[in-house]
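Work through the exercises below with the sequence and the model side by side. Try each task before you read its solution.

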Amino acid sequence: IALRVTFGNENEGSHTLHLSFVDADGRSIMPGIDIPVQVALPGDTHFGTRNFIVNIQQLKFESPGLYSIDLSFDGQPQVSIPLLVKQTPPAAPQPPR
């Protein structure tokens, strides 16, 4: 997952960014991920951005359908990013040449 988050002066200090994967019923499909964030902006700026890259190994979706990646900042929900999981049929065997 790649995220770009914008922080303002009011966000300076230590915070926690939390990611969770949920199914269409709102149930978590894996343990949430907490990312500690330290926000410090130079004195002459009003906002700044940070990039976050999260590598998730062996994430398994039990069935096709609508899922979401929910993002919260210090326990406050910020955004829910929809994720549509489709099942693709197996590739047809290729005839011998």
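**Exercise 1: a residue after the last strand**

T88 lies in the segment after strand 6 (76-85). Strands here are DSSP runs of E with at least two residues, helices are runs of H or I with at least four, and both are numbered from the N terminus. The model is predicted: local features need pLDDT of at least 70, side-chain atom pairs count only at pLDDT 80 or more, and totals for chains, interfaces and linings use all residues. Residues are numbered from 1 along each chain as its sequence is written, and side-chain values use heavy atoms, with hydrogens and water left out.

Task: Decide whether T88 is buried or exposed.

Solution.
- Step 1. Fix the cut-offs: buried is under 20% relative accessible area, exposed is over 50%, and partly exposed is in between (1.4 Å probe, protein chains only).
- Step 2. Read the value for T88, which is 64%.
- Step 3. T88 is therefore exposed.
- Step 4. Now look across the chain: P64 is 24 residues from T88 in sequence, and their C-alpha atoms are separated by 9.6 Å.

**Exercise 2: the overall layout**

Task: State which pattern the protein follows along the sequence.

Solution.
- Step 1. Count the elements: there are six strands and zero helices.
- Step 2. Write them in order, which gives β-β-β-β-β-β.
- Step 3. Check the extent: the C-alpha atoms fill a box of roughly 70 × 35 × 20 Å along the principal axes.
- Step 4. Compare radii of gyration: the protein has 19 Å, while a compact globule of 97 residues would have one near 13 Å. The radius is taken over C-alpha atoms, and the globule rule is 2.2 Å times the number of residues to the power 0.38.
- Step 5. Add the burial: 28% of the 97 residues are buried.

**Exercise 3: the core**

Task: Find which residues have the most contacts inside the largest nonpolar core.

Solution.
- Step 1. Define the set: a nonpolar core joins buried Ala, Val, Leu, Ile, Met, Phe, Trp, Tyr and Cys residues through side-chain atoms within 4.5 Å.
- Step 2. The largest such core has 16 residues, and F7, L17, L19, I35, V37 and F52 have the most contacts inside it.
- Step 3. Strand 1 (2-8), strand 2 (13-22), strand 3 (33-39) and strand 5 (65-73) each give two or more residues to this core.
- Step 4. Zoom in on F7. Leaving out residues up to four places away in sequence, its contacts (heavy atoms within 4.5 Å) include V37, F52 and F73.

**Exercise 4: two buried residues**

Task: For S20 and then G48, say what the residue touches beyond four places in sequence.

Solution.
- Step 1. Place S20: it sits in strand 2.
- Step 2. S20 has a relative accessible area of 12%, so it is buried.
- Step 3. S20 touches S68, I69 and D70, with residues up to four places away not counted.
- Step 4. Place G48: it belongs to strand 4.
- Step 5. G48 has 17% relative accessible area, so it is buried.
- Step 6. G48 touches V5, T6, F7 and L41, again not counting residues up to four places away.
- Step 7. Turn to L59: it is 11 residues from G48 in sequence, yet 31 Å away in space, C-alpha to C-alpha.

**Exercise 5: loops and positive phi**

Task: State where Q58 is found and where D74 is found.

Solution.
- Step 1. Q58 is in the loop between strand 4 (47-53) and strand 5.
- Step 2. Q58 is not a glycine, but its phi is positive, near 55°.
- Step 3. Q58 has 79% relative accessibility, so it counts as exposed.
- Step 4. D74 is in the loop between strand 5 and strand 6.
- Step 5. D74 is not a glycine either, and has a positive phi of about 55°.
- Step 6. D74 has 40% relative accessibility, so it counts as partly exposed.

**Exercise 6: one more loop**

Task: Determine what R27 contacts beyond four places in sequence.

Solution.
- Step 1. R27 lies in the loop between strand 2 and strand 3.
- Step 2. With neighbours within four places set aside, R27 is in contact with F21 and V22.
- Step 3. Y67 is 40 residues from R27 in sequence and 9.5 Å from it in space, C-alpha to C-alpha.
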